[in-house]
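Okay, thanks everyone for squeezing in. Let me put the chain up on the screen, and then I'll walk you through it from the overall picture down to single residues.

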Amino acid sequence: LPVEKHRRGKGGELRHHRLAPLAAKRGKLKLTERLLERHYSGQDVGHLLGIHAASVENTSRWIAIDLGRQASQTVPLHNLRAVTHWREELMSMGFRPLMIETDGAGGYQLLTLFRDRLPTARAYDFVQRLVSDHADAGLEDSPNILPSGPQRDDNNWLTLPGRHPMTGHWSRVWNGHHWLQG
C-alpha cells in the first residue's frame, strides 16, 4: 500500500496525496503503461507518479528546479523570471530543458535530462551552482532543487507533469513561444 502524506490546501482544508511505491519496493518496480495511463487520467491523486532524482547506485539522469508558491510572499512574476533565466542559461550550455507550469498560480519546474548517468553529488553541485544567482531574479530564498543533496534520499523525488495534487490544475509546457496544454 502507498504511504499517505497530508497537507493543508489554500482554504485550510486537509488534503492528502500518496507516495507510491513504499520505500522497500522503490527501485524494484517497473514503470508500466498502465501506471502512466492512471497518472495522466488524473482521476485520483493516489495515482499520481513521481520520479526519484537518484538511483539506488547514487547516480542521476536529470536535475530539476522546483519553484512553488509555498510562501505567500512569493511573487509569481519573480518565479517566471527566474525559471526563464535558468532555462536560457541551460540552453546556452547545450541542454534542452523542459519548462513546466505546474499549478497555474506561479509554480514552475525546470527539468533537464543528461545523456549519461552522473554521480548524484556531481548533479547536485551543478544544479546548486546554477541557482546560486536566485536573488538576482528577485527570489528571497533558493528554490527547491533535485537532487537536493549529494546522496540518494527516498524523499528526493519530483511529481511527473500532469494534474497538480493540491489544486487540480493540469501542467502546461513552454515550447519556446507559447504554453502547450492537453
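Of the 182 residues in the chain, 37% are buried, where buried means under 20% relative accessible area, exposed means over 50%, and partly exposed is in between, with a 1.4 Å probe and protein chains only. Before I go on: this is a predicted model, so local features need pLDDT of at least 70 and side-chain atom pairs count only at pLDDT 80 or more, while totals for chains, interfaces and linings use all residues. Numbering starts from 1 along each chain as its sequence is written, and side-chain values use heavy atoms, with hydrogens and water left out.

On the surface side, the chain exposes about 10,800 Å², by the Shrake-Rupley method with a 1.4 Å probe, counting only the protein chains shown as cover for residues. Carbon and sulfur atoms supply 51% of that area.

Now the fold. We've got three helices and 10 strands, taken as DSSP runs numbered from the N terminus, with at least four residues for a helix (H or I) and at least two for a strand (E). The order along the sequence goes β-β-α-β-β-α-β-β-α-β-β-β-β. As for contacts, meaning heavy atoms within 4.5 Å, take the ones between residues at least 6 apart in sequence: 65% of them join residues at least 24 apart.

Let's look at the strands around E6, residues 108-119. E4 runs antiparallel to E6, and eight bridges join the two; strands count as paired if DSSP finds at least two bridges between them. E5 is also antiparallel to E6, over four bridges. E5 and E6 make a hairpin with six residues between them, and in the turn Gly104 has a positive phi of about 75°.

So where does Glu101 sit in this? Glu101 is in E5, residues 98-101, and stands opposite Tyr108 in E6. Glu101 also makes a salt bridge to Arg172, with the closest N and O atoms 2.8 Å apart. The rule there is a side-chain nitrogen of Lys or Arg within 4 Å of a carboxyl oxygen of Asp or Glu, and by that rule the count comes to one. Arg172 lies in strand E9, residues 172-174, so this pair ties together parts that are 71 residues apart in sequence. Buried or exposed? Glu101 counts as buried, at 8% relative accessibility, whereas Arg172 is partly exposed at 23%.

Next, Ser60, over in E4, which covers residues 59-67. Ser60 is buried, with a relative accessible area of 0%, and stands opposite Leu118 in E6. What does its side chain do in there? The Ser60 side chain makes a polar contact with the side chain of Thr120 at 3.0 Å. By polar contact I mean a pair of N or O atoms within 3.5 Å; within protein, one must be able to donate a hydrogen and the other to accept it, and residues adjacent in sequence count only if both atoms are side-chain atoms. Leaving out neighbours within four places in sequence, Ser60 is in contact with several residues, including Ala53, Phe114, Ala123 and Pro147.

Ala123, then, is in helix H3, and this residue is buried at 0% too. Between Ala123 and Ala54, the C-alpha to C-alpha distance is 9.4 Å, with their positions 69 residues apart in sequence.

On to the nonpolar cores, meaning sets of buried Ala, Val, Leu, Ile, Met, Phe, Trp, Tyr and Cys residues joined through side-chain atoms within 4.5 Å. The largest has 21 residues, and the ones with the most contacts inside it are Ile65, Leu67, Trp86 and Leu110. E4, helix H2 (76-92), E6 and H3 (120-130) each supply at least two residues of this core, and H3 gives the most, with five. There's a second, separate core of six residues, with Ala53, Trp62, Ala64 and Leu146 among them. Back in the largest core for a second: outside four places in sequence, Ile65 touches Trp86, Leu110 and Val127, among others.

Last stop, Ser132, in the loop between H3 and strand E7 (144-146). Ser132 is exposed, at 55%, and its side chain reaches the backbone oxygen of Arg129 at 2.8 Å. Ser132 and Pro143 are 11 residues apart in sequence, with 9.4 Å from C-alpha to C-alpha.
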